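Work through the exercises below with the sequence and the structure open. Each task is followed by a solution in steps.

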Amino acid sequence: MSRRYPPVSVFGVPTDIGASRRGASMGPEALRVAGLVEAIAARGVEVRDVGDVVGPRNPVSAPVDGYRHLDEVVAWNRGVFDTSTRELQAGRMPILLGGDHCLAIGSIAAVAAHCRTTGKYLRVLWLDAHADFNTRELTPSGNIHGMPVACLCGMGPAALTGFGGKTPAIKPDQVRQIGIRSVDPGEKRLVKEHGLDIYDMRYIDEVGMRRAMEEALEGVDADTHLHVSFDVDMLDPPIAPGTGTRVPGGVNYREAQLIMEMVADSGCLGSLDLVEVNPALDRRNMTARLAVDLVESLFGKSTLMRD
């Protein structure tokens, strides 16, 4: 058994309630079919699949007061928060299989509350094509999967900003974003105003992924709980077509592997979101299979034995 990782609890959240396109609700099963649980177990980690969170159906309705499906989004995130909290309190590492990225509100709020209890410092590594720092004033769609980082930082409806009994759940300086290449005009101003630490694709092109990751992980140590929130649209669309908000020019295969390997090298991984896999847009489950391949590296798979 691995001494580096705590036992893992995988749980599915089969909803696309916060997304712009349907299909991410099938993501958890696609990841299971691709062998996620078996791949983690093969790394010598004790892992169990605790099943799916249950929540309301997607009404596919128009925004109300700037938010689409707010009540349903709150219900799903409450289920995620409760499941993540239960597994963390049991000394296990929760892995959320989404589902769309609005679900990170519940998972990260749970981790933040756990860190306040245990005295750990929380660092969030947000792997995404999008900053997800929108508010209802900035986005006409009202899709909440474009708002989770803002909600976690206290900008959003009270029903989403208060999980864990503290608002905000986190501060912007706890977040590092990797792979960003699509930020709305008003969102750009908000990101700058709040000092969000973003390593966008231009920066990665200029300095390389190794340096970007070294900077993103600076200060991470044994007292850090590292939460990785991985939206597969961070990846370049030709290698990961199965997602609803594809943006050209993303992270390539080798860069993605380096991200995961450097997180593994830190020894601080404490929880994981794996979201926005949409089998309806995929080709023979290649995006889910790639995600599983990357998770193997996150759990220490490497070409050679390294010091």
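**Exercise 1: A helix pair**

In this predicted model, helix H9 passes helix H10 in a right-handed crossing.

Task: Describe the packing of H9 against H10, giving the crossing angle of the axes, the residues that meet and their classes.

Solution.
1. Locate the helices: H9 covers residues 209-216 and H10 covers residues 253-266.
2. Their axes come within 10 Å and cross at roughly 35°.
3. From H9, the residues that meet H10 are Met 209, Arg 210, Met 213 and Glu 214. H10 contributes Glu 255, Leu 258, Ile 259, Met 262 and Val 263.
4. Sorted by class, this contact has six nonpolar and three charged residues, and no polar ones.

**Exercise 2: Helix H4**

Task: Check the length of H4 against the expected span, and decide whether H4 is mostly covered or not.

Solution.
1. H4 runs over residues 104-118, which is 15 residues.
2. The rise is 1.5 Å a residue, and the expected span is 1.5 Å times one less than the number of residues; for H4 this gives 21 Å.
3. The end C-alpha atoms of H4 are 21 Å apart, so the model agrees with the expected span.
4. Eleven of the 15 residues are buried, and H4 is mostly covered. Among them are Ala 104, Ile 105, Ile 108, Val 111 and Cys 115.
5. After H4 comes Gly 119, with a positive phi near 85°.

**Exercise 3: Gly 142**

Task: Where does Gly 142 lie, is Gly 142 buried or exposed, and which residues does Gly 142 touch?

Solution.
1. Gly 142 sits in the loop between strand S4 (121-127) and helix H5 (148-152).
2. The relative accessibility of Gly 142 is 0%, and buried means under 20%; Gly 142 therefore counts as buried.
3. Leaving out residues up to four places away in sequence, Gly 142 touches Pro 63, Gly 66, Tyr 67, Arg 68 and Met 147.
4. The C-alpha atom of Gly 142 is 9.5 Å from that of Ala 19, although 123 residues separate the two along the chain.

**Exercise 4: Nonpolar cores**

Task: Which residues have the most contacts inside the largest nonpolar core, and which helix gives the most to this core?

Solution.
1. The largest nonpolar core has 53 residues, and Ile 178, Phe 230 and Phe 299 have the most contacts inside it.
2. Helix H11 (residues 286-298) gives the most to this core, with seven residues.
3. A second, separate core has 44 residues, including Trp 76, Leu 88, Ile 105 and Phe 163.
4. Ile 178 touches, among others, Leu 125, Tyr 199, Met 209, Met 213 and Ile 259. Of these, Met 209 and Met 213 belong to the H9 side of the helix pair, and Ile 259 to the H10 side.

How values were computed:
Residues numbered from 1 in each chain as written. Predicted model: local features only at pLDDT ≥ 70, side-chain atom pairs only at ≥ 80, totals over all residues. Heavy atoms only, no water. Helix = DSSP H or I, 4+ residues; strand = E, 2+ residues; numbered from the N terminus. Buried < 20%, exposed > 50% of the residue type's maximum accessible area, 1.4 Å probe, protein only. Contact = heavy atoms within 4.5 Å. Core = buried A, V, L, I, M, F, W, Y, C linked by side-chain atoms within 4.5 Å. Axes fitted to C-alpha atoms, helices over the stretch in contact; angles between N-to-C directions. Left-handed = near helix turned anticlockwise from the far one by under 90°. Nonpolar A, V, L, I, M, F, W, Y, C, P; charged D, E, K, R; others polar.
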